[in-house]
Amino acid sequence: MQIKRLFSILVAVALALTATAQTNNIHEQSEEYEWPTDPLVVKNLHQWQDLKFGVLLHWGIYAVPGIVESWSICDEPWITRDTTRTYQQYLDWYWGLADEFCPTQFDPAQWAQACSDAGMRYMLFTTKHHDGFCMYDSQETDYSIAQHAFKDDPRRDVLKHVFHAFRQEGFTIGAYFSKPDWHSQYYWWDTYAKKGRNVNYPIEQYPWRWEQFKRFTHRQIEEILSNYGQVDILWLDGGWVWPGRYGQDIDMPALARMARSHQPGLIIVDRTIRGPYENYLTPERTIPEEQLPYPWESCIPLTDDWGYTPHARYKTAREVISTLVEVVAKGGNLVLGVGPTPEGLINAEATNRLHEIGQWLKTNGQAIYGTTITPHYHEGALWFTASKDGTKKYAIYCPPADTTTLPPELSWSTNLPTHSIRLLSTGKRLKYRISGNLITVTLPKNLPPQPLALEID
């Protein structure tokens with residue numbers, strides 16, 4: 001047992017470097033956007049845009065040793081892996097984590113409460129990552145949490161309990177699903193060597209095998225969309241699976257028809273594959289340089305990794321709030337990555353960060369939720385949003401990370417008031433003066449050194 005534990009520690013240390021490597025492996029962002037034609041999808045998309053802030057929960061067997069999700073079994077130049085084992089030994093160890101993943105403290109209500117406390121309004125849960133391990137009771141494979149170490153627990157159909165807990169908190173519900181499946185013999189066939197992230201056999205020589213994979217994928221998605229209540233978003237990862245990449249065509253038109261037959265108005269996010277099935281864009285670990293005129297979502301983890309890793313560096317609440325403010329001012333949503341522990345909890349450091357973020361949103365959320373963009377949206381450390389009815393604008397000051405005290409005054413040259421300026425956190429009117437097109441607002445003394453929002457009326 002100690003040797004096994006030592007191996008896990010070595011792996012965790014070696015793979016801690018992959019977070020840095022992954023920043024060089026970010027999904028490309030589509031440069032074009034095609035609005036959906038289904039009026040119900042458009043309606044749901046506009047409602048989703050009003051939510052502004054969500055959570056992306058990565059949880060799977062990779063939580064057991066606390067390593068970066070799935071990628072360590074992939075053969076790509078940027079991957080770092082424990083070098084004391086052959087690749088096959090490593091792969092056998094990784095697949096075997098399914099027999100160690102027994103989250104006896106699994107508490108989705110705690111997750112939902114922590115995310116609600118953070119002011120999040122929608123969720124995405126990883127039903128299956130690239131390693132193929134299903135976090136629900138799939139009938140298409142026995143490689144699932146319901147068929148291994150957790151199989152005798154009444155909560156073994158994890159997805160059912162996660163969705164229920166978040167619905168109880170009023171969340172819009174999203175299912176993350178990986179199109180590639182590295183555990184499936186229909187994608188990574190043992191007859192061929194594994195080369196990178198893509199299908200490892202020539203599809204043109206074995207079309208029947210690819211057809212089996214396509215059917216497998218459709219059936220798994222149908223399980224999720226027909227057995228687990230209302231689902232609002234289908235978030236498809238693995239953008240390299242598309243017809244233009246080695247002919248990896250999974251027939252998205254048929255998949256979308258099937259999906260929406262079970263979930264009318266479903267928002268489908270076929271990441272990085274521009275066209276009718278990428279209903280919103282998903283720049284990863286980054287924020288677009290300018291406002292974008294279509295729906296989008298920056299997906300950024302709370303730590304350096306999507307899943308749980310020990311000794312992680314957490315972003316501060318101020319960092320996350322400032323990111324959220326910039327994203328919203330540019331017309332997007334922010335989904336924050338949070339990884340539950342192998343025991344099944346969101347740990348204290350994460351919940352503390354989420355609580356701090358939520359405390360700010362409780363008093364300043366009016367400048368975030370349900371807002372729209374304004375043409376003049378950025379000036380120095382100030383970001384601007386507007387109410388949808390056009391009656392109010394909001395100026396949000398995001399101080400530099402090393403700020404210990406706020407300045408006595410703030411000045412800007414656009415979005416000038418006609419009646420008053422209020423500090424949102426207190427409702428108090430603030431004194432200001434206008435000289436030409438420059439407004440200068442006097443701030444109250446002793447404000448905490450965190451972002452602040454002003455209502456411009």
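**Reading a covered strand and a loop glycine**

Author: Both faces of strand S7 are covered, since Asn 333, Val 335 and Gly 337 on one side are buried, as are Leu 334, Leu 336 and Val 338 on the other. The model in question is predicted.

Reader: How many of the residues of strand S7 are buried?

Author: Burial is judged by relative accessible area, and a residue under 20% is buried. In strand S7, which spans residues 333-338, 6 of 6 residues are buried.

Reader: Which strands pair with S7, and in which sense, parallel or antiparallel?

Author: Pairing is read from the bridges between two strands. Strand S1, residues 53-57, pairs with S7 in the parallel sense over 5 bridges. Strand S6, residues 297-301, also runs parallel to S7 and is joined to S7 by 5 bridges.

Reader: Which residues stand opposite Gly 337 and Leu 334 in S7?

Author: Leu 56 stands opposite Gly 337, while Ser 298 is the residue opposite Leu 334.

Reader: I turn now to Gly 247. Where does Gly 247 lie, and why is Gly 247 classed as partly exposed?

Author: Gly 247 belongs to the loop that links strand S4 (233-237) with helix H8 (252-262). A residue between the 20% and 50% limits is partly exposed. Gly 247 is placed in that class because its relative accessible area is 34%.

Reader: Which residues does Gly 247 touch, leaving aside those up to four places away in sequence?

Author: A contact requires heavy atoms within 4.5 Å. By that criterion Gly 247 touches Ile 203, Trp 210 and Trp 242. For Trp 210, the separation from Gly 247 is 37 residues in sequence and 9.7 Å in space, taken C-alpha to C-alpha.

Reader: What share of the contacts in the chain with a separation of 6 or more joins residues 24 or more positions apart?

Author: Such pairs account for 73% of those contacts. The secondary structure of the chain comprises 10 helices and 17 strands, and 58% of the 457 residues are buried.

Reader: What does the radius of gyration say about the chain as a whole?

Author: The value is compared with that of a compact globule with the chain's number of residues. For 457 residues the expectation is near 23 Å, and the chain agrees because its radius of gyration is 23 Å. Along the principal axes, the C-alpha atoms fill a box of roughly 75 × 55 × 40 Å.

Reader: What area does the chain expose, and how much of it do carbon and sulfur atoms supply?

Author: The exposed area is about 19,200 Å², of which carbon and sulfur atoms supply 50%.

Technical notes
Residues numbered from 1 in each chain as written. Predicted model: local features only at pLDDT ≥ 70, side-chain atom pairs only at ≥ 80, totals over all residues. Heavy atoms only, no water. Helix = DSSP H or I, 4+ residues; strand = E, 2+ residues; numbered from the N terminus. Buried < 20%, exposed > 50% of the residue type's maximum accessible area, 1.4 Å probe, protein only. Rg over C-alpha atoms; globule rule 2.2 N^0.38 Å. Areas by Shrake-Rupley, 256 points an atom, 1.4 Å probe, with all protein chains shown as cover.
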